[in-house]
Amino acid sequence: MNFSDINSHRLLSLCTDFRHAIEKAKMNHEFNGVYSLENFPNGSCGYTCELLHEYLNEYRIPTYYIWGSDLSGQTHAWLALAETVQVYYEPLPTNYLEIIAKYDSITQNTSTKHYNLDNSIIIDITGDQFKDKSEYYNFSEAVYIGEPTRFHRLFHIDGPANICEDPFTDMNVLKIIKGYL
């Protein structure tokens, strides 16, 4: 399935409804004690991405969880539609393979996985937490779906360490959010 095959209006609707459900649940104090959502959208991008990733999986829309940090150490997370991310493998050097064979017989990985996010379609439902910060271009989109913006490019993605294909999801919190959909 390519992004062009996905009904972009449906994706926008799902993500917008999900964000509104979080906002409604927050207004009803459903997240008391759930530190990651008490100040939504501020400081909740990673946790929110984990939840949205699982929700979109239910609609067979696979995503990757992406996070990065800028030069000041500020972090931000969003999702990327899996089918828009280029994944390729680079073989490990021969001498490294010899080391693995000798000392690490369990993994036996013979290649390194790489991700190219340049032409990916991203989904960001917490970017508006930066709306009052000029150094982040006053990014104010509550729900953004599209190519990486100059705002998103501020955050350095350090390869596979910052990309997760299947993040952990708190199903109890997801159940609360889905109650507001």
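**Exercise 1. Find the surroundings of Asn162.**

Once neighbours within four places in sequence are set aside, Asn162 touches Tyr65, Ile66, Trp67, Gly68, His156 and Ile157, where contact means heavy atoms within 4.5 Å. Before going on, note that this is a predicted model, in which local features need pLDDT of at least 70, side-chain atom pairs count only at pLDDT 80 or more, and totals for chains, interfaces and linings use all residues. Residues are numbered from 1 along each chain as its sequence is written, and side-chain values use heavy atoms, with hydrogens and water left out.

Task: place Asn162 in the fold and decide whether Asn162 is buried or exposed.

*Solution.*
- Step 1: Look in the loop between S6 and S7, where Asn162 lies. Strands (E, at least two residues) and helices (H or I, at least four) are DSSP runs, numbered from the N terminus.
- Step 2: Apply the cut-offs: buried is under 20% relative accessible area, exposed is over 50%, and partly exposed is in between (1.4 Å probe, protein chains only). Asn162 has a relative accessible area of 5%, so Asn162 is buried.
- Step 3: Turn to the side chain. One of its polar atoms lies 3.0 Å from the backbone oxygen of Trp67.

**Exercise 2. Describe helix H2.**

Task: compare the span of H2 with the expected one, then list its buried residues and what they pack against.

*Solution.*
- Step 1: H2 covers residues 45–58, which makes 14 residues. The expected span is 1.5 Å times one less than the number of residues. From first C-alpha to last, H2 reaches 20 Å, close to the 20 Å expected.
- Step 2: Ten of the 14 residues are buried, so H2 is mostly covered. These are Cys45, Gly46, Tyr47, Thr48, Cys49, Leu51, Leu52, His53, Tyr55 and Leu56.
- Step 3: Their packing partners are helix H1 (8–27), strands S1 (63–69), S2 (75–81) and S5 (122–124), and helix H4 (171–178).
- Step 4: Go just past the end of H2, and you meet Arg60 with a positive phi of about 60°.

**Exercise 3. Check the cysteines.**

Task: how many disulfides does the model hold?

*Solution.*
- Step 1: Take as a disulfide a pair of cysteine sulfur atoms within 2.5 Å. The count by this rule is zero.
- Step 2: Try Cys49, which is in no disulfide; its nearest cysteine sulfur belongs to Cys45, 6.4 Å away.
- Step 3: Add the accessibilities. Cys49 is buried at 5%, whereas Cys164 is partly exposed at 27%.

**Exercise 4. Sort the ring pairs of Phe139.**

Task: which geometry does Phe139 have with Tyr144, and which with Phe151?

*Solution.*
- Step 1: Pair rings of Phe, Tyr and Trp (its six-membered ring) if their centres lie within 6.5 Å; planes under 30 degrees apart are stacked, over 60 edge-to-face, and the rest tilted. The structure has twelve aromatic pairs.
- Step 2: Phe139 and Tyr144 are edge-to-face, at 5.9 Å centre to centre and 75° between the planes.
- Step 3: With centres 4.4 Å apart and planes at 15°, Phe139 and Phe151 are stacked.
- Step 4: The stacked pair links distant parts of the chain, with Phe139 in the loop between S5 and strand S6 (144–146) and Phe151, twelve residues apart, in the loop between S6 and strand S7 (163–164).
- Step 5: Phe139 is buried at 9%, Tyr144 is buried at 15%, and Phe151 is buried at 1%.
- Step 6: Zoom out to the cluster that ring pairs build from Trp78, Phe130, Tyr136, Phe139, Tyr144, Phe151 and Phe155.

Conventions
A polar contact is a pair of N or O atoms within 3.5 Å; within protein, one must be able to donate a hydrogen and the other to accept it, and residues adjacent in sequence count only if both atoms are side-chain atoms.
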